Amino acid sequence: MKRPPEEELGLQPGQSLELLKELHILTREGRINQDSRRKLKQVHHLVQFIEKLLQEVPAEEGHPTLADHGAGKSYLGFILYDLFFRPLGRGHIYGIETRQELVERSRALARRLGFARMSFLNIAAADAAQAAEMPEQVDVVTALHACDTATDDAIAFALQKQARFLVLVPCCQAEVASVLRETKALALARTPLSELWRHPIHTRELGSQITNVLRCLYLEAMGYQVTVTELVGWEHSMKNELILARRTGQRKRAAAERLRAILAEFGIQALEERRFPGLPAHP
């Protein structure tokens with residue numbers, strides 16, 4: 001028996017073919033190549049994580065709200081809207097992107113498709129919380145491969161907007177590595193642990209690892225329960241670490257102390273004020 005067209009193409013039931021053609025996932029003839037099939041599978045996998053969180057948001061007018069940082073061409077936002085927000089009939093998606101041409105393209109596509117509850121802001125993640133277009137409270141904050149400190153800006157945004165959930169796939173964590181390089185000579189004389197970042201490639205890798213550990217501790221210290229897992233289906237990319245955070249409101253002093261201890265151990269205390277403000281005070 002021949003499979004239904006949606007199943008054959010790897011689509012979800014009721015998924016808009018017009019949208020997928022506009023996103024160049026499907027050709028105008030409705031076909032799909034192997035690269036596009038893989039990309040669609042990856043986005044669907046991430047959508048499944050996010051949908052479960054959106055379903056936990058109380059059924060109130062105007063909710064759920066979702067802010068997508070580093071939205072790019074807004075594949076994630078459009079597919080989420082098509083599969084979840086459109087049939088739900090309420091809620092709003094905000095795409096945050098610094099490249100004006102991508103924002104204008106997304107706005108035009110949303111108009112063509114009648115996706116009225118999508119907004120696109122041509123603004124940096126660091127400035128998004130103060131934008132007049134943003135609501136006071138945002139339910140879900142996503143940052144998919146937001147480069148380097150843009151992930152930290154998305155976290156800061158989420159804390160300001162009292163987000164219920166964060167979904168982060170960090171990318172290009174360079175800031176900590178640069179600080180490690182600056183203090184390398186002193187560290188080599190101070191501790192044998194500095195061998196972990198003596199060579200440049202190890203500095204980059206260790207900096208990436210430390211960055212994400214510190215982010216998780218920061219979220220725990222600020223009242224979130226954190227889970228770290230692998231985003232299955234993204235095997236072609238080394239950037240497949242998925243950080244999920246759920247707001248509990250219970251700030252953990254122990255997490256703050258461990259964060260400070262790691263900063264001190266690696267000689268990068270200067271990052272506390274810049275990246276981890278508002279930590280619970282020392283006992």
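Here are a few exercises on this structure, each with a worked solution.

This is a predicted model, so local features need pLDDT of at least 70 and side-chain atom pairs count only at pLDDT 80 or more, while totals for chains, interfaces and linings use all residues. Residues are numbered from 1 along each chain as its sequence is written, and side-chain values use heavy atoms, with hydrogens and water left out.

**Exercise 1. Find the cis peptide bond and describe the surroundings of His63.**

Step 1: The cis bond joins His63 and Pro64, with omega at about 5°.

Step 2: Now place it. His63 lies in the loop between helix H3 (34–54) and strand E1 (65–69), and Pro64 is found in the loop between H3 and E1 too. Helices (H or I, at least four residues) and strands (E, at least two) are DSSP runs, numbered from the N terminus.

Step 3: Is His63 buried or exposed? It's buried, because its relative accessibility is 16%; buried means under 20% relative accessible area, exposed over 50%, and partly exposed in between (1.4 Å probe, protein chains only).

Step 4: List the contacts (heavy atoms within 4.5 Å). Leaving out residues up to four places away in sequence, His63 touches Val57, Pro58, Arg90, Gly91, Gln137 and Asp139.

**Exercise 2. Take two non-glycine residues with positive phi, His24 and Ser74, and work out where each sits.**

Step 1: For His24, phi is near 65°. His24 belongs to the loop between helix H2 (17–22) and H3, and it counts as exposed because its relative accessible area is 62%.

Step 2: Ser74 has a phi of about 65°, and its loop runs between E1 and H4. Ser74 is buried, because its relative accessibility is 3%.

**Exercise 3. Which residues touch the most other members of the largest nonpolar core?**

Step 1: Fix the term: a nonpolar core is a set of buried Ala, Val, Leu, Ile, Met, Phe, Trp, Tyr and Cys residues joined through side-chain atoms within 4.5 Å.

Step 2: The largest such core has 47 residues, and Leu166 and Ile268 touch the most other members. Helix H10 (residues 200–221) gives the most to this core, with eight residues.

Step 3: Zoom in on Ile268, again skipping residues up to four places away in sequence: it touches Val176, Val179, Leu180, Ile210, Leu214 and Leu263.

Step 4: Apart from this core lies another, of 40 residues, with Leu23, Leu54, Phe78 and Phe115 among them.

**Exercise 4. What is the volume of the largest pocket, and which residues lie nearest its centre?**

Step 1: Set up the search. On a 1 Å grid over the protein atoms alone, a cavity is a set of points where a 1.4 Å probe fits but cannot get out, and a pocket is an open set with protein on both sides within 12 Å along at least five of seven lines; lining residues have an atom within 4 Å of a point. Grid points are joined across faces, edges and corners, and a volume is the space filled by probe spheres set on the points.

Step 2: The largest pocket holds about 620 Å³. Of its 30 lining residues, Gly70, Ala71, Gly72, Leu144 and His145 lie nearest the centre.

Step 3: H3 supplies the largest share of this lining, five residues.

**Exercise 5. Which strands pair with E7?**

Step 1: Two strands pair if DSSP finds at least two bridges between them.

Step 2: Strand E5 (residues 165–171) runs antiparallel to strand E7 (residues 241–247), joined by four bridges; Val167 has Leu244 as its bridge partner in E7.

Step 3: Strand E6 (residues 224–230) and E7 also pair in the antiparallel sense, over seven bridges, with Gln225 opposite Arg246.
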